[in-house]
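Colleague: I'm new to this one, so could you walk me through it with a few questions and answers?

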Amino acid sequence: MATTPMVPPNQAAAGNPNFDGVAPPPMAAPPPPGTDMTRICFRDQLWLNTYPLDRNLVFDYFALSQFYDYTCNNEQLRLRSIHPLDHSQLLKMTGIEYVLSEVT
């Protein structure tokens with residue numbers, strides 16, 4: 001499985017050379033529950049220029065967004081070196097999880 005390296009929030013900005021020598025501001029904490037996020041769009045052009053957005057890497061891309069919950073089942077699988085979208089593993093778990101429902 002090809003994956004991009006994942007860095008926990010608030011550690012991603014420390015000395016990342018992919019940003020023309022200038023570290024971006026620290027990742028913001030997720031918004032509090034109940035926050036209206038319907039008008040928010042996520043796009044990481046640097047990531048998109050570097051990696052293909054396919055079924056193997058789409059989860060890694062989504063995990064960079066402010067919509068991702070680091071307490072989800074998918075993250076627990078990732079920490080155990082299991083693909084975060086492994087349906088057979090997710091069926092055994094309860095809690096928040098993300099699934100890929102359509103690929104074009």
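What follows is a short chat about helices, charged pairs, aromatic rings and cysteines.

Modeller: Before we start, this is a predicted model, where local features need pLDDT of at least 70, side-chain atom pairs count only at pLDDT 80 or more, and totals for chains, interfaces and linings use all residues. Residues are numbered from 1 along each chain as its sequence is written, and side-chain values use heavy atoms, with hydrogens and water left out.

Colleague: Fine. What order do the elements of the protein chain run in?

Modeller: Helices (H or I, at least four residues) and strands (E, at least two) are DSSP runs, numbered from the N terminus. The protein chain has four helices and zero strands. So from the N terminus on, you read α-α-α-α.

Colleague: Which residues are linked in a network of salt bridges?

Modeller: A salt bridge here is a side-chain nitrogen of Lys or Arg within 4 Å of a carboxyl oxygen of Asp or Glu, and the count comes to two. D60 pairs with R78, with the closest N and O atoms 2.7 Å apart; since D60 lies in helix α2 and R78 in helix α3 (residues 73-79), that pair ties together parts 18 residues apart in sequence. R78 also meets E75 in a salt bridge (3.3 Å, N to O). The network is therefore made of D60, E75 and R78.

Colleague: Is D60 buried or exposed?

Modeller: Buried means under 20% relative accessible area, exposed over 50%, and partly exposed in between (1.4 Å probe, protein chains only). D60 has a relative accessible area of 1%, so the word is buried.

Colleague: Now the rings: why is the pair of F42 and Y61 tilted?

Modeller: Rings of Phe, Tyr and Trp (its six-membered ring) pair if their centres lie within 6.5 Å; planes under 30 degrees apart count as stacked, over 60 as edge-to-face and the rest as tilted. By that rule there are eight aromatic pairs. The ring centres of F42 and Y61 are 5.2 Å apart, and the pair is tilted because the planes stand at 50°.

Colleague: Which residues do ring pairs link into a cluster?

Modeller: Here we follow ring pairs from one residue to another. The cluster joins F59, F62, Y68, Y70 and Y98.

Colleague: And how many disulfides does a search of the whole structure find?

Modeller: A disulfide would be a pair of cysteine sulfur atoms within 2.5 Å. C41 is exposed at 68% relative accessible area, while C72 is buried at 0%. The search finds zero.
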